[in-house]
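Subject: Structure handover and notes

Dear colleague,

I am handing over the structure below, together with notes on what turned up when it was examined. Please read the notes with the coordinates open beside you.

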Amino acid sequence: MKIVGHFVGGKEIEGRSGRVSDVFEPMTGEVKSQVALASKAEVRAAIENAKAAQVAWAATNPQRRARIMMRFLDLAQRDYDSLAELLAREHGKTIPDAKGDIQRGLEVVEFACGIPHLLKGEYTEGAGPGIDIYSMRQPLGVVAGITPFNFPAMIPMWKFAPAIACGNAFILKPSERDPGVPMRLAELMIEAGLPAGILNVVNGDKEAVDAILDDRDIRAVGFVGSSNIAQYVYERAAATGKRAQCFGGAKNHLIIMPDADMDQTVDALIGAGYGSAGERCMAVSVAVPVGQNTADRLMDKLIPRVESLKVGPSTDPSADFGPLVTRAALDRVKGYVETGIKEGAKLAVDGRDFRLQGYENGFYMGGCLFDEVTPDMTIYKEEIFGPVLSVVRAKDYEEALRLPTEHEYGNGVSIFTRDGDAARDFAAKVDVGMVGINVPIPVPIAYYTFGGWKRSGFGDLNQHGPDSVRFYTKTKTVTSRWPSGVKEGAEFVIPTMQ
Ligand code: NAD
């Protein structure tokens, strides 16, 4: 059986720790490969390699760095189908959805192709007598990304593309559950002309993560995963003075105002609630109809749609969604459904007993729909990360606004309405980082930034867009004065602009 190693110094190398983890194919439930789990010493070796390569890379002009990104885009297009199939087989999402995962990552690579423009500094002529001031953005050195299982192409690209374009060397620690695509992306970057050592992949678990967090040569860490680990990574990274941006879990609400187009709303809930089996940080997991009448109309349309969702293997192009990532994830989600029933929510659609003929060992479940969920229930408070949608009935707009605002997560939220006034008020007041108006998954496009609030995001600055350039560079400001501007004699008073 293949053991996926690490990618260091421009090539795949074998793991030497003696520790491995199984990589499943969720649609069949079979172990198809294993992945090496890096030791602290292996992580250190990768960092040393990166550190040595980074100096010349930082000195490579930004246009040449951008050209490598452009070539990578072409190579990714060439290999699109095989990447999507590998992704779907390791993750469980359908192939069309896997293509979306890749595409969303490539869009950030496209953004990074603009790096010559993005890195331009500021200049002020004549800030004082003979004084000019300019600022420049310089790379940090070696930086790292620690990424989750649910977007094994998109999130690694969100991290490494801007970081590398800025002139840093990168250590990627992808999820040990689906390491295949991140390894292929690293190979493609080398094929595109990236010098060896600039993009490295160390596979592993907590040991590799801790080695990255404690290493003083790593200057910044971008993390995406569950909130408790995000907070842990944030705090431990800060202990060695690193920059850290750590994005966590979510509980995304979709508010349905009485005037919303109900057919469009139901389409939105079906796609955003159950697509990718609900394993998206921007999945809608809570629907909030405003008023009993809206709620009843919603449920009348929603129940038959959830009942008729098509669950299938990742390779079935007609499936709405595929299996969950592991048996443990499946058991966890089913456990939440049990808890919801015990705590008094009304299970309107029960997909727990779904079985797929010919794929009996796959990690499947059908869509579940809860009605009459209340804010004190576990299934409302916690992220389920599965194909389970909870309906919380709000009596009025104020209550609907309060729910996502008071929830401990603050990743995404949407409002469906024809009332521009309500939408505007909602967007301004809701305490959540990304807002959709009649848009169910408000993931900002690559040249805006992505980031949640409260327990969905620890640290400063968002991912991709202009914030990514700020995060992966440090600003140097130069104040210059030439002899024609120098007054006679020493100055003992602090210079001001008076
Ligand atoms: P996870 O927290 O289990 O793992 C994320 C990363 O942390 C992985 O690389 C993993 O190896 C590592 N890790 C796991 N346990 C660790 C530990 N104890 N110490 C150190 N490192 C550890 O998350 P996941 O299950 O892979 O991904 C799903 C989660 O990610 C969900 O909560 C989802 O909402 C979140 N997510 C958030 C965003 C966002 O932008 N906010 C995007 C995608 C996913």
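In this predicted model, strands S8 and S11 run parallel and are joined by five bridges, and within that pairing Gly-145 stands opposite Gly-222 of S11. Strand S11 (218-224) also pairs with strand S12 (residues 243-247), again in the parallel sense and over five bridges, and here Val-224 has Phe-247 of S12 as its bridge partner. S11 is mostly covered, since six of its seven residues are buried, a term used for a relative accessible area under 20%.

S11 also takes part in the lining of the largest pocket, to which H6, H8, S11, H9 and helix H12 (327-342) each supply at least two residues. The pocket holds about 1000 Å³ of space, and of the 46 residues that line it, Phe-149, Arg-177, Gly-225, Ser-226 and Ile-229 are the closest to its centre. Helix H9 gives the most to this lining, with five residues. Sorted by class, the lining of the largest pocket comprises 23 nonpolar, 12 polar and 11 charged residues, which may be of use if you intend to look at the character of its walls.

Two of the helices named above are also in contact with one another. Helix H8 (residues 206-214) and helix H9 (residues 227-239) pack at an angle of about 35°, and their axes are 8 Å apart. From H8 the contact draws on Lys-206, Val-209, Asp-210, Leu-213 and Asp-214, and from H9 on Tyr-232, Val-233, Arg-236 and Ala-237. Taken by class, the residues of this contact are five nonpolar and four charged, with no polar ones.

Turning to enclosed space, a search of the whole structure finds two cavities of 30 Å³ or more. The largest cavity has about 100 Å³ of space, and of the 15 residues that line it, the closest to its centre are Gly-278, Arg-280, Ala-283, Ser-285 and Phe-385. Its lining has seven nonpolar, five polar and three charged residues. The second largest cavity has about 30 Å³ of space, and it is lined by Lys-251, Asn-252, His-253, Pro-404, His-407, Tyr-409, Gly-410, Asn-411, Gly-412 and Val-432. The elements giving two or more residues to that lining are strand S13 (252-256) and strand S18 (409-410), and by class the lining of the second largest cavity divides into three nonpolar, six polar and one charged.

Two residues named at the largest cavity, Arg-280 and Phe-385, are also among the contacts of Asn-150. Asn-150 is placed in the loop between strand S8 (142-146) and helix H6 (154-165). Is Asn-150 buried or exposed? At 4% relative accessibility, Asn-150 counts as buried, because the cut-off for that class is under 20%. Leaving out residues up to four places away in sequence, Asn-150 touches His-91, Lys-93, Asp-101, Ile-155, Glu-279, Arg-280, Cys-281 and Phe-385.

The backbone deserves a separate remark. Most residues other than glycine have a negative phi. Ser-276, which is not a glycine, nevertheless has a positive phi near 55°, and Glu-372, also not a glycine, has a positive phi of about 55°. Ser-276 is found in the loop between helix H10 (262-274) and strand S14 (284-289), whereas Glu-372 lies in the loop between strand S16 (368-371) and helix H13 (378-381). As for their surroundings, Ser-276 is buried, with a relative accessible area of 5%, while Glu-372, at 40% relative accessibility, counts as partly exposed.

A positive phi also occurs in a hairpin, where the residue concerned is a glycine: in the hairpin of S4 and S5, which has four residues between the strands, Gly-29 takes a positive phi near 80°. The two strands, S4 (residues 20-25) and S5 (residues 30-36), pair in the antiparallel sense over six bridges, and Asp-22 stands opposite Gln-34 in S5.

With kind regards

Key. Residues are numbered from 1 along each chain as its sequence is written. This is a predicted model: local features need pLDDT of at least 70, side-chain atom pairs count only at pLDDT 80 or more; totals for chains, interfaces and linings use all residues. Side-chain values use heavy atoms; hydrogens and water are left out. Buried means under 20% relative accessible area, exposed over 50%, partly exposed in between (1.4 Å probe, protein chains only). Axes are lines fitted to C-alpha atoms, for helices over the stretch in contact, and angles run from 0 to 180 degrees between N-to-C directions. Contact means heavy atoms within 4.5 Å. Ala, Val, Leu, Ile, Met, Phe, Trp, Tyr, Cys and Pro count as nonpolar, Asp, Glu, Lys and Arg as charged, and the others, Gly among them, as polar. Two strands pair if DSSP finds at least two bridges between them. On a 1 Å grid over the protein atoms alone, a cavity is a set of points where a 1.4 Å probe fits but cannot get out, and a pocket is an open set with protein on both sides within 12 Å along at least five of seven lines; lining residues have an atom within 4 Å of a point. Grid points are joined across faces, edges and corners, and a volume is the space filled by probe spheres set on the points.
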